[in-house]
Amino acid sequence: MIDFGRIDVISFDCYGTLIDWESGILDALASFRSEFGVRATDEQVLEQYAALESVMESGEYVSYRDVLRGVMRGFARRVSVPEERLDADVLAKSLPNWRPFPDTVASLRRLKEHYRLAIISNTDDDLFAHTARSLEVPFDFVVTAQQVGAYKPSLRNFTHALDVFEIPKETWLHAAQSRFHDVAPARSLGVATVWVNRRAGKTGEGATASSDATPDLEVPNLKALADRAAPASA
């Protein structure tokens, strides 16, 4: 059980947790799939994305724009599309237009009344700056992969965040959709975690690598977390 009365900072993964990145990815790839006759289902495309992104993020650090370019080149290789016919920036150009889940903004506003809020995201600073406008709620801290020079699930992202927050880890709660990128590493450091299971009712892990890490709390969406952490009567 999480004692919300002890929590000072709630941090969030961004893409997949606050932002509907699976819809954003599929929308961005629609023209590519149509033009080159990609027969894979939406779920297969998302699983391919997860595999390709994990490879790009597991090696020497490169910008998230370059990660997304690598993902597009990987898609192209899988369907034998010559690189000269590929717009490798399709995903990066679309990312600023990816939209929040319907419950995100209102839930963040409720939580902001009770806690300091933070972002810990596998992205570049300028890409998140575009996304931040759609989230509408100001964050007290923003930690990106670009700042750390590493991608979650690296522990460096979380130890850096703790240095930035300057709080005891017992007063920190991390909420995320990805058990692989977020729940597992945060739990290993003794940080309380919430799994925002945006794929509840669906099979597979979608655009996220799989993990069996166990969170302290599972909720289907951000509203459910806000209902627990910032009830209207509080």
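Strands β1 (residues 9-12) and β4 (residues 172-176) run parallel and are joined by 4 bridges; helices (H or I, at least four residues) and strands (E, at least two) are DSSP runs, numbered from the N terminus. Ile10 has Leu173 as its bridge partner in β4. The model is predicted, and local features need pLDDT of at least 70, side-chain atom pairs count only at pLDDT 80 or more, and totals for chains, interfaces and linings use all residues. Residues are numbered from 1 along each chain as its sequence is written, and side-chain values use heavy atoms, with hydrogens and water left out.

Strand β1 is also joined by 4 bridges to β2 (residues 116-121), again in a parallel arrangement, with Ser11 opposite Ala118 of β2. Strand β4 is in turn linked to β5 (residues 192-196) by 4 bridges, in parallel, and Leu173 is there partnered by Ala192. Two strands are taken to pair if DSSP finds at least two bridges between them. The result is an open sheet of 6 strands with parallel pairing, ordered β3-β2-β1-β4-β5-β6. Its edge strands, β3 (141-144) and β6 (217-219), each pair on one side only. On average, neighbouring strands of the sheet are turned by 20° against each other, direction ignored. Helix α9 (residues 179-188) packs on the sheet and touches β2, β4 and β5, and its direction makes about 160° with that of β5. Axes are lines fitted to C-alpha atoms, for helices over the stretch in contact, and angles run from 0 to 180 degrees between N-to-C directions.

In a regular strand the side chains alternate between the two faces of the sheet. Both faces of β1 are covered, with Val9 and Ser11 buried on one side and Ile10 and Phe12 buried on the other; buried means under 20% relative accessible area, exposed over 50%, and partly exposed in between (1.4 Å probe, protein chains only). Phe12, Tyr49 and Leu91 touch the most other members of the largest nonpolar core, which has 61 residues. Such a core is a set of buried Ala, Val, Leu, Ile, Met, Phe, Trp, Tyr and Cys residues joined through side-chain atoms within 4.5 Å. Helix α3 (residues 64-78) gives the most to this core, with 7 residues. Another core, of 14 residues, lies apart from it and includes Val9, Ala118, Phe158 and Val191. Beyond its neighbours within four places in sequence, Phe12 is in contact (heavy atoms within 4.5 Å) with residues including Leu18, Leu108, Ile120, Phe139, His174 and Leu222.

Leu222, Leu225, Ala226 and Ala229 are buried in helix α10 (residues 222-229). These residues lie on the same side of α10, because they cover an arc of only 100° around the axis, the arc being that of the directions from the helix axis to the C-beta atoms. Their cover includes β1, α5 (104-112), β4, β5 and β6. The N-terminal end of α10 is capped by Asn221, with a side-chain oxygen 3.2 Å from the backbone nitrogen of Lys223.

In helix α6 (residues 125-135), the buried residues are Leu127, Phe128, Thr131, Ser134 and Leu135. They too share one side of their helix, since the arc covered is only 100° around the axis. They pack against α3, α4 (90-94), α5, β2 and β3. Glu136, just after α6, takes a positive phi of about 70°.

Technical notes
A polar contact is a pair of N or O atoms within 3.5 Å; within protein, one must be able to donate a hydrogen and the other to accept it, and residues adjacent in sequence count only if both atoms are side-chain atoms.
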